[in-house]
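Student: I would like to learn how to read a structural model feature by feature. Please take one feature at a time, general idea before the case at hand.

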Amino acid sequence: MPILEVEHIRKYFGHTEVLKDISFSLEQGQVVSIIGSSGSGKTTLLRCLNFLERPDKGTIRVNGETLFDADDAKTQQESEIRKKRLHFGLVFQSFNLFPQYTALQNVMLAKELLAKEQPNYKAERKKIHDEIEAQAKELLHQMGLSDRMENYPHQLSGGQCQRVAIARALALQPDILCFDEPTSALDPELTGEVLKVMKELAEQNTTMVIVTHEMAFARDVANHVIFMDDGCILEQGDPIEVFEHPREERTRQFLSRFTQG
(Lines give C-alpha, C1' and ligand atoms only; values in the text may rest on other atoms or scores of the structure.)
Protein backbone atom coordinates (compact mmCIF):
# COMPACT_ATOMS: atom_id res chain seq x y z
CA MET A 1 0.00 0.00 0.00
CA PRO A 2 1.41 3.44 -0.90
CA ILE A 3 2.36 5.69 2.00
CA LEU A 4 0.91 8.71 0.13
CA GLU A 5 -2.00 8.79 -2.30
CA VAL A 6 -3.00 12.06 -3.95
CA GLU A 7 -6.09 11.80 -6.11
CA HIS A 8 -7.68 14.38 -8.41
CA ILE A 9 -6.51 17.45 -6.48
CA ARG A 10 -7.74 20.76 -7.84
CA LYS A 11 -6.98 24.18 -6.39
CA TYR A 12 -8.34 27.58 -7.41
CA PHE A 13 -7.15 31.06 -6.52
CA GLY A 14 -10.20 33.10 -7.39
CA HIS A 15 -11.23 32.04 -10.88
CA THR A 16 -7.76 30.75 -11.75
CA GLU A 17 -7.25 27.00 -11.52
CA VAL A 18 -3.65 26.48 -10.36
CA LEU A 19 -3.80 22.72 -9.79
CA LYS A 20 -5.68 20.72 -12.40
CA ASP A 21 -6.61 17.15 -11.49
CA ILE A 22 -3.31 16.17 -9.80
CA SER A 23 -2.90 12.48 -8.98
CA PHE A 24 0.18 10.50 -7.91
CA SER A 25 1.26 8.03 -5.24
CA LEU A 26 4.41 7.49 -3.22
CA GLU A 27 5.83 4.32 -1.67
CA GLN A 28 7.62 4.09 1.67
CA GLY A 29 11.27 5.13 1.25
CA GLN A 30 10.71 6.57 -2.21
CA VAL A 31 12.01 9.96 -3.36
CA VAL A 32 9.84 11.91 -5.79
CA SER A 33 11.26 14.99 -7.50
CA ILE A 34 8.79 17.50 -8.90
CA ILE A 35 10.21 19.65 -11.67
CA GLY A 36 8.77 22.34 -13.92
CA SER A 37 8.86 26.04 -14.68
CA SER A 38 8.06 28.70 -12.09
CA GLY A 39 4.31 29.10 -11.82
CA SER A 40 3.55 25.52 -12.83
CA GLY A 41 1.92 24.75 -9.46
CA LYS A 42 4.72 22.86 -7.73
CA THR A 43 4.81 24.91 -4.52
CA THR A 44 1.01 25.09 -4.32
CA LEU A 45 0.93 21.29 -4.47
CA LEU A 46 3.36 21.03 -1.54
CA ARG A 47 1.34 23.56 0.44
CA CYS A 48 -1.80 21.49 -0.17
CA LEU A 49 -0.02 18.38 1.10
CA ASN A 50 0.98 20.27 4.24
CA PHE A 51 -2.49 21.85 4.58
CA LEU A 52 -1.13 25.36 4.33
CA GLU A 53 -3.58 25.55 1.42
CA ARG A 54 -6.88 23.70 1.23
CA PRO A 55 -7.63 21.89 -2.04
CA ASP A 56 -10.99 22.58 -3.63
CA LYS A 57 -11.39 19.05 -4.92
CA GLY A 58 -9.76 15.67 -4.42
CA THR A 59 -8.44 13.44 -1.65
CA ILE A 60 -5.16 12.98 0.23
CA ARG A 61 -4.41 9.74 2.08
CA VAL A 62 -1.42 8.74 4.20
CA ASN A 63 -0.95 5.08 5.13
CA GLY A 64 -4.50 4.40 3.98
CA GLU A 65 -5.99 7.07 6.26
CA THR A 66 -7.98 9.79 4.51
CA LEU A 67 -6.56 13.09 5.73
CA PHE A 68 -8.53 15.22 3.30
CA ASP A 69 -11.58 14.65 1.16
CA ALA A 70 -13.14 17.69 -0.50
CA ASP A 71 -16.53 15.95 -0.35
CA ASP A 72 -16.30 15.13 3.36
CA ALA A 73 -16.54 18.14 5.71
CA LYS A 74 -15.33 16.04 8.66
CA THR A 75 -11.87 15.84 7.11
CA GLN A 76 -11.64 19.63 6.87
CA GLN A 77 -12.14 20.66 10.50
CA GLU A 78 -9.64 23.32 11.53
CA SER A 79 -9.12 21.60 14.89
CA GLU A 80 -7.67 18.56 13.08
CA ILE A 81 -5.42 20.36 10.62
CA ARG A 82 -2.43 20.63 12.96
CA LYS A 83 -2.50 16.88 13.66
CA LYS A 84 -2.61 16.16 9.95
CA ARG A 85 0.40 18.41 9.33
CA LEU A 86 2.45 16.13 11.57
CA HIS A 87 2.46 13.56 8.77
CA PHE A 88 4.47 15.99 6.63
CA GLY A 89 7.70 17.80 7.41
CA LEU A 90 8.19 20.87 5.23
CA VAL A 91 11.50 22.55 4.47
CA PHE A 92 10.90 26.00 2.99
CA GLN A 93 12.95 27.94 0.45
CA SER A 94 13.94 30.66 2.89
CA PHE A 95 14.66 28.62 6.06
CA ASN A 96 11.94 30.28 8.22
CA LEU A 97 14.01 29.92 11.37
CA PHE A 98 13.12 31.96 14.44
CA PRO A 99 15.89 34.58 14.74
CA GLN A 100 15.57 34.86 18.52
CA TYR A 101 16.34 31.17 19.06
CA THR A 102 19.58 29.23 18.69
CA ALA A 103 19.90 26.40 16.19
CA LEU A 104 19.23 23.91 18.98
CA GLN A 105 16.18 25.80 20.22
CA ASN A 106 14.78 26.04 16.69
CA VAL A 107 14.96 22.26 16.33
CA MET A 108 13.44 21.64 19.77
CA LEU A 109 10.64 24.19 19.66
CA ALA A 110 7.82 22.34 17.87
CA LYS A 111 8.28 19.15 19.84
CA GLU A 112 8.35 21.06 23.12
CA LEU A 113 5.11 22.84 22.25
CA LEU A 114 3.44 19.51 21.51
CA ALA A 115 4.82 18.00 24.72
CA LYS A 116 3.26 20.77 26.80
CA GLU A 117 -0.16 19.58 25.68
CA GLN A 118 0.38 16.11 27.14
CA PRO A 119 -1.23 15.38 30.54
CA ASN A 120 2.05 14.14 32.05
CA TYR A 121 4.09 17.19 31.03
CA LYS A 122 4.18 18.99 34.37
CA ALA A 123 5.10 15.86 36.30
CA GLU A 124 7.83 14.80 33.88
CA ARG A 125 8.89 18.14 32.49
CA LYS A 126 12.66 17.74 32.97
CA LYS A 127 12.74 14.21 31.61
CA ILE A 128 10.74 15.20 28.54
CA HIS A 129 12.88 18.29 27.95
CA ASP A 130 16.09 16.26 28.22
CA GLU A 131 14.79 13.69 25.74
CA ILE A 132 13.80 16.37 23.25
CA GLU A 133 17.14 18.12 23.65
CA ALA A 134 19.07 14.87 23.14
CA GLN A 135 17.13 14.11 19.97
CA ALA A 136 17.67 17.64 18.64
CA LYS A 137 21.41 17.44 19.33
CA GLU A 138 21.60 14.12 17.49
CA LEU A 139 19.80 15.57 14.48
CA LEU A 140 22.11 18.58 14.38
CA HIS A 141 25.06 16.21 14.64
CA GLN A 142 23.72 14.32 11.61
CA MET A 143 23.53 17.64 9.78
CA GLY A 144 27.20 18.34 10.56
CA LEU A 145 26.32 21.15 12.96
CA SER A 146 27.57 19.86 16.31
CA ASP A 147 29.68 22.99 16.72
CA ARG A 148 26.89 25.38 15.74
CA MET A 149 24.10 24.37 18.13
CA GLU A 150 24.29 27.52 20.22
CA ASN A 151 24.56 29.86 17.25
CA TYR A 152 21.67 32.08 16.21
CA PRO A 153 20.50 32.12 12.58
CA HIS A 154 22.33 35.40 11.83
CA GLN A 155 25.56 33.70 12.89
CA LEU A 156 25.09 30.85 10.39
CA SER A 157 25.62 30.61 6.66
CA GLY A 158 22.63 30.00 4.40
CA GLY A 159 23.61 26.38 3.99
CA GLN A 160 23.86 25.92 7.74
CA CYS A 161 20.47 27.57 8.24
CA GLN A 162 18.90 25.21 5.73
CA ARG A 163 20.46 22.21 7.48
CA VAL A 164 18.97 23.46 10.76
CA ALA A 165 15.62 23.69 8.96
CA ILE A 166 15.97 20.09 7.77
CA ALA A 167 16.76 18.95 11.32
CA ARG A 168 13.71 20.85 12.58
CA ALA A 169 11.49 19.12 10.01
CA LEU A 170 12.86 15.72 10.99
CA ALA A 171 12.38 16.33 14.73
CA LEU A 172 8.67 15.51 14.58
CA GLN A 173 9.42 12.27 12.72
CA PRO A 174 7.06 12.90 9.82
CA ASP A 175 5.94 10.14 7.48
CA ILE A 176 6.96 12.25 4.50
CA LEU A 177 9.57 14.98 4.26
CA CYS A 178 8.77 17.73 1.74
CA PHE A 179 11.25 20.22 0.30
CA ASP A 180 10.26 23.38 -1.55
CA GLU A 181 13.24 24.50 -3.65
CA PRO A 182 15.60 24.03 -0.67
CA THR A 183 18.64 25.44 -2.49
CA SER A 184 17.05 28.37 -4.30
CA ALA A 185 18.03 30.90 -1.63
CA LEU A 186 21.63 29.66 -1.43
CA ASP A 187 24.78 30.78 -3.14
CA PRO A 188 26.14 28.11 -5.50
CA GLU A 189 28.99 27.18 -3.17
CA LEU A 190 26.50 26.39 -0.38
CA THR A 191 24.08 24.39 -2.50
CA GLY A 192 26.26 21.29 -2.48
CA GLU A 193 26.26 20.89 1.29
CA VAL A 194 22.44 20.87 1.42
CA LEU A 195 22.12 18.47 -1.52
CA LYS A 196 24.64 16.18 0.19
CA VAL A 197 22.43 16.00 3.29
CA MET A 198 19.37 15.32 1.15
CA LYS A 199 21.18 12.55 -0.73
CA GLU A 200 22.18 10.97 2.58
CA LEU A 201 18.55 11.08 3.72
CA ALA A 202 17.53 9.36 0.47
CA GLU A 203 20.15 6.66 1.09
CA GLN A 204 18.57 6.14 4.53
CA ASN A 205 15.21 5.47 2.80
CA THR A 206 13.62 8.69 4.00
CA THR A 207 10.36 9.21 2.12
CA MET A 208 10.62 12.57 0.37
CA VAL A 209 8.78 14.84 -2.05
CA ILE A 210 11.19 17.41 -3.47
CA VAL A 211 10.37 20.44 -5.59
CA THR A 212 13.64 21.39 -7.21
CA HIS A 213 15.41 23.04 -10.11
CA GLU A 214 18.52 20.92 -9.41
CA MET A 215 18.13 18.67 -12.45
CA ALA A 216 21.18 16.49 -11.77
CA PHE A 217 19.91 15.81 -8.26
CA ALA A 218 16.41 15.03 -9.53
CA ARG A 219 17.80 12.63 -12.13
CA ASP A 220 20.37 10.86 -9.96
CA VAL A 221 18.71 10.68 -6.53
CA ALA A 222 14.96 10.44 -7.15
CA ASN A 223 13.13 7.15 -7.77
CA HIS A 224 10.34 8.96 -9.59
CA VAL A 225 10.12 12.30 -11.41
CA ILE A 226 6.99 14.38 -11.98
CA PHE A 227 7.04 17.16 -14.59
CA MET A 228 4.40 19.83 -13.98
CA ASP A 229 3.28 22.40 -16.51
CA ASP A 230 0.47 24.95 -16.15
CA GLY A 231 -1.00 23.25 -13.08
CA CYS A 232 -0.99 19.76 -14.61
CA ILE A 233 1.20 16.68 -14.31
CA LEU A 234 2.27 16.49 -17.93
CA GLU A 235 4.64 13.57 -17.54
CA GLN A 236 5.92 11.30 -14.79
CA GLY A 237 7.99 8.17 -14.47
CA ASP A 238 11.45 6.75 -13.90
CA PRO A 239 14.10 9.52 -13.92
CA ILE A 240 16.00 7.96 -16.81
CA GLU A 241 12.84 7.74 -18.90
CA VAL A 242 11.79 11.31 -18.18
CA PHE A 243 15.22 12.88 -18.61
CA GLU A 244 16.54 10.84 -21.52
CA HIS A 245 13.36 9.85 -23.34
CA PRO A 246 10.66 12.46 -22.57
CA ARG A 247 7.40 11.78 -24.36
CA GLU A 248 5.97 15.30 -24.28
CA GLU A 249 7.28 18.25 -26.29
CA ARG A 250 6.89 20.61 -23.31
CA THR A 251 9.06 18.28 -21.21
CA ARG A 252 11.74 18.26 -23.91
CA GLN A 253 11.65 22.05 -24.15
CA PHE A 254 11.98 22.45 -20.38
CA LEU A 255 14.84 19.98 -20.04
CA SER A 256 16.69 21.44 -23.00
CA ARG A 257 17.37 24.59 -20.95
CA PHE A 258 19.56 22.54 -18.62
CA THR A 259 21.47 20.64 -21.30
CA GLN A 260 22.34 23.40 -23.74
CA GLY A 261 25.95 24.38 -23.74
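Student: Leaving aside neighbours within four places in sequence, which residues is Gln162 in contact with?

Tutor: A contact here is a pair of heavy atoms within 4.5 Å. In this predicted model, Gln162 touches Val91, Phe92, Gln93, Phe95, Pro182 and Val194, its neighbours within four places in sequence being left out. Gln162 itself belongs to helix 5, residues 158-171.

Student: Is Gln162 buried or exposed?

Tutor: The cut-off for buried is under 20% relative accessible area. Gln162 has 0% relative accessibility, so Gln162 counts as buried.

Student: What lies 3.0 Å from a polar atom of the Gln162 side chain?

Tutor: The backbone oxygen of Phe92 is at that distance. Phe92 is also among the contacts of Gln162.

Student: Next, sheets. In what order do the strands of the 4-stranded open sheet run?

Tutor: A sheet is read by strand order first, then by the sense of pairing. Here the order is 2-1-4-5 and the pairing is antiparallel. Strand 2 (16-26) and strand 5 (65-69) each have a single partner strand, so each keeps one side without a neighbour in the sheet. From one strand to the next, the twist averages 20°.

Student: How many bridges join strand 1 and strand 4?

Tutor: Strand 1 (residues 4-13) and strand 4 (residues 57-62) are paired over 5 bridges, in the antiparallel sense. To place the register, take Leu4, which stands opposite Val62 in strand 4.

Student: Which strands does helix 1 lie across?

Tutor: Helix 1, residues 42-49, lies across strand 1, strand 2 and strand 4. Its direction is at about 65° to strand 2.

Student: What is the order of the open sheet of 6 strands?

Tutor: The order is 6-7-8-3-9-10, and the pairing is mixed. At the edges are strand 6 (88-91) and strand 10 (232-237), each pairing on one side only. The twist in this sheet averages 20° between successive strands.

Student: In which sense do strand 6 and strand 7 pair?

Tutor: The sense is parallel, over 4 bridges, with strand 7 covering residues 176-180. Within this pairing, Phe88 has Ile176 in strand 7 as its bridge partner.

Student: Which strands do helix 6 and helix 9 meet?

Tutor: Helix 6 (residues 188-203) lies across strand 3 (31-35), strand 7 and strand 8 (208-211), at about 150° to strand 8. Helix 9 (residues 249-256) packs on the sheet and touches strand 3, strand 9 (224-229) and strand 10. The direction of helix 9 makes about 100° with that of strand 9.

Student: How many disulfides does the structure hold?

Tutor: To count as a disulfide, two cysteine sulfur atoms must lie within 2.5 Å. The structure holds 0. For Cys232, the closest cysteine sulfur is in Cys48, 14 Å away, which is too far for a bond. Cys232 is partly exposed at 26% relative accessible area, whereas Cys161 is buried at 6%.

Student: Finally, the whole chain. What radius of gyration would a compact globule with 261 residues have?

Tutor: It would be near 18 Å; the protein has 19 Å, which agrees. The C-alpha atoms fill a box of roughly 60 × 50 × 35 Å along the principal axes. The protein has 9 helices and 10 strands, and buried residues make up 50% of the 261 residues. Of the contacts with a separation of 6 or more, 66% join residues 24 or more positions apart.

Note on methods:
Residues are numbered from 1 along each chain as its sequence is written. This is a predicted model: local features need pLDDT of at least 70, side-chain atom pairs count only at pLDDT 80 or more; totals for chains, interfaces and linings use all residues. Side-chain values use heavy atoms; hydrogens and water are left out. Helices (H or I, at least four residues) and strands (E, at least two) are DSSP runs, numbered from the N terminus. Buried means under 20% relative accessible area, exposed over 50%, partly exposed in between (1.4 Å probe, protein chains only). A polar contact is a pair of N or O atoms within 3.5 Å; within protein, one must be able to donate a hydrogen and the other to accept it, and residues adjacent in sequence count only if both atoms are side-chain atoms. Two strands pair if DSSP finds at least two bridges between them. Axes are lines fitted to C-alpha atoms, for helices over the stretch in contact, and angles run from 0 to 180 degrees between N-to-C directions. The radius of gyration is taken over C-alpha atoms; the globule rule is 2.2 Å times the number of residues to the power 0.38.
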